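Welcome to a short set of exercises on reading a protein fold. Keep the viewer open and try each task before you look at its solution.

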Amino acid sequence: MIIDRFGRKITYLRVSVTDRCNLRCVYCMPAEGLKLLRHEDILSFEEVVEVIRTAVDLGIRKVRLTGGEPLVRRGIVELVRAIAAIDGIEDFGMTTNGTLLAEYAQPLADAGLHRVNISLDTTDPDRYREITRGGEIARVFAGIEAAGKAGLTPIKLNCVVGKCYPEVDAKSVKEFGRSTGLEVRNIHLMDFEAGRFSVVEGGSGGDCKRCNRLRLSSEGAIRPCLFSDISFSVRELGAAQALERAVREKPEAGGACKHNWMHGIGG
Ligand code: SAM
Ligand code: SF4
């Protein structure tokens, strides 16, 4: 069991499998000039599995794949299969924008993924195109349907809300959730540089006192807190030591930090 110095039980590892994405959501990625990691800097599947296995040995029980968009990582179904084979994971999920799920839902379920969270900030096709800079909402709806059919349930919808977003968008997602029986979680728009974040409504993020998470970035940095620049490289330290040091130095609460985009860290 992993307990940090503030008595928090650490059971949850979020794993970013890529910094790449097929969308460009306005709050997550810059429109252009995006610096991507070199392929050799991104952890191989073997490395990712090794970190997760070590984390599970230490006491992690919940694993979530994220990104970037996890479904654009080539071979993702094979990675899911390898992770699902690790003994001791009780909850194995993925956060995805859903645009590729129509094709991937069944193979992912067959490979051993338990469930998906799908990001949806509006149900209006034009607004969706604006927010994601070009995304096609029909693909997300098809993805949600496929995930339900494949049994990747309970499906939760992540909806970013914030001052610059008209309430009508969030309301439309709430209504969609009600009519389809899917749970909707409102995530308040975060500002990393200003250290502005708050509790996720209907979720567990953003509540420092009860934070049970560690993160693994796609280039192998274990981050104990999304709102801190502290990180430990699994390539430099080895998985066990990087994980242990991250637990030891997990801050009591988040603050301002230098990075200002979510895609590289894994939301
Ligand atoms: N591409 C996948 C997706 O969109 O679900 C997974 C990665 S994405 C970074 C994970 C979550 O972070 C999404 O639900 C997204 O809306 C959220 N997110 C990204 N930037 C954010 C920000 N600045 N504030 C709040 N949530 C953010
Ligand atoms: Fe891509 Fe997800 Fe970021 Fe949108 S929120 S740009 S879908 S990684």
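**Getting oriented**

Helix 6 (residues 167-180) lies across strand 5 and strand 6, running at about 165° to strand 5. Here helices (H or I, at least four residues) and strands (E, at least two) are DSSP runs numbered from the N terminus. Axes are lines fitted to C-alpha atoms, for helices over the stretch in contact, and angles run from 0 to 180 degrees between N-to-C directions.

This is a predicted model, in which local features need pLDDT of at least 70 and side-chain atom pairs count only at pLDDT 80 or more, while totals for chains, interfaces and linings use all residues. Residues are numbered from 1 along each chain as its sequence is written, chains are lettered from A and ligands numbered from 1 in the order in which they are written, and side-chain values use heavy atoms, with hydrogens and water left out.

**Exercise 1. Lay out the sheet**

Task: write down the strand order of the open sheet and find its edges.

Solution.
- Step 1: the open sheet has 9 strands in the order 6-5-4-3-2-1-7-8-9, and its pairing is mixed.
- Step 2: strand 6 and strand 9 (232-233) each have a single partner strand, so one side of each lacks a neighbour in the sheet and these two stand at the edges.
- Step 3: pairing requires that DSSP finds at least two bridges between two strands.
- Step 4: strand 3 and strand 4 run parallel and are joined by 4 bridges, with Thr-95 opposite Asn-117 of strand 4.

**Exercise 2. Explore strand 5**

Task: describe the neighbours of strand 5 (residues 156-161) and decide whether its residues are buried or exposed.

Solution.
- Step 1: on one side, strand 4 (residues 115-119) pairs with strand 5 in the parallel sense over 3 bridges. Ser-119 has Asn-158 of strand 5 as its bridge partner.
- Step 2: strand 5 also runs parallel to strand 6 (residues 183-188), and 6 bridges join them. Look for Val-160 opposite Ile-187 in strand 6, and for Val-161 opposite His-188.
- Step 3: now check burial, where buried means under 20% relative accessible area, exposed over 50%, and partly exposed in between (1.4 Å probe, protein chains only). In strand 5, 6 of 6 residues are buried.
- Step 4: in a regular strand the side chains alternate between the two faces of the sheet. Lys-156, Asn-158 and Val-160 on one side of strand 5, and Leu-157, Cys-159 and Val-161 on the other, are all buried, leaving both faces covered.
- Step 5: in strand 4, 4 of the 5 residues are buried, so the rest of the structure largely encloses that strand.

**Exercise 3. Compare two helix packings**

Task: classify the packing of helix 1 with helix 8, and of helix 2 with helix 3.

Solution.
- Step 1: two packed helices are described by the angle between their axes and the distance between the axes. Angles under 35 degrees count as roughly parallel, over 145 as roughly antiparallel, 65 to 115 as roughly perpendicular and the rest as oblique.
- Step 2: the axes of helix 1 (residues 45-58) and helix 8 (residues 239-248) cross at roughly 55° and come within 9 Å. Helix 1 and helix 8 are therefore oblique to each other.
- Step 3: Val-51, Thr-54, Ala-55 and Leu-58 of helix 1 meet Ala-239, Ala-240, Leu-243 and Glu-244 of helix 8, contact meaning heavy atoms within 4.5 Å.
- Step 4: helix 2 (residues 76-84) and helix 3 (residues 101-111) pack at about 25°, with axes 8 Å apart. This makes helix 2 roughly parallel to helix 3.
- Step 5: helix 2 makes this contact through Ile-76, Val-77, Val-80, Arg-81 and Ala-84, and helix 3 through Tyr-104, Pro-107, Leu-108, Asp-110 and Ala-111.

**Exercise 4. Three residues to inspect**

Task: locate Phe-92, Pro-154 and Arg-133, and describe each setting.

Solution.
- Step 1: Phe-92 is in strand 3 (residues 91-96) and is buried, at 1% relative accessible area. Leaving out residues up to four places away in sequence, its contacts include Val-63, Leu-65 and His-114.
- Step 2: Pro-154 sits in the loop between helix 5 (137-150) and strand 5, joined to Thr-153 by a cis peptide bond with omega about 0°.
- Step 3: Arg-133 lies in the loop between helix 4 (125-131) and helix 5. Its phi is near 50°, a positive value in a residue other than glycine, and Arg-133 is partly exposed, with a relative accessible area of 36%.
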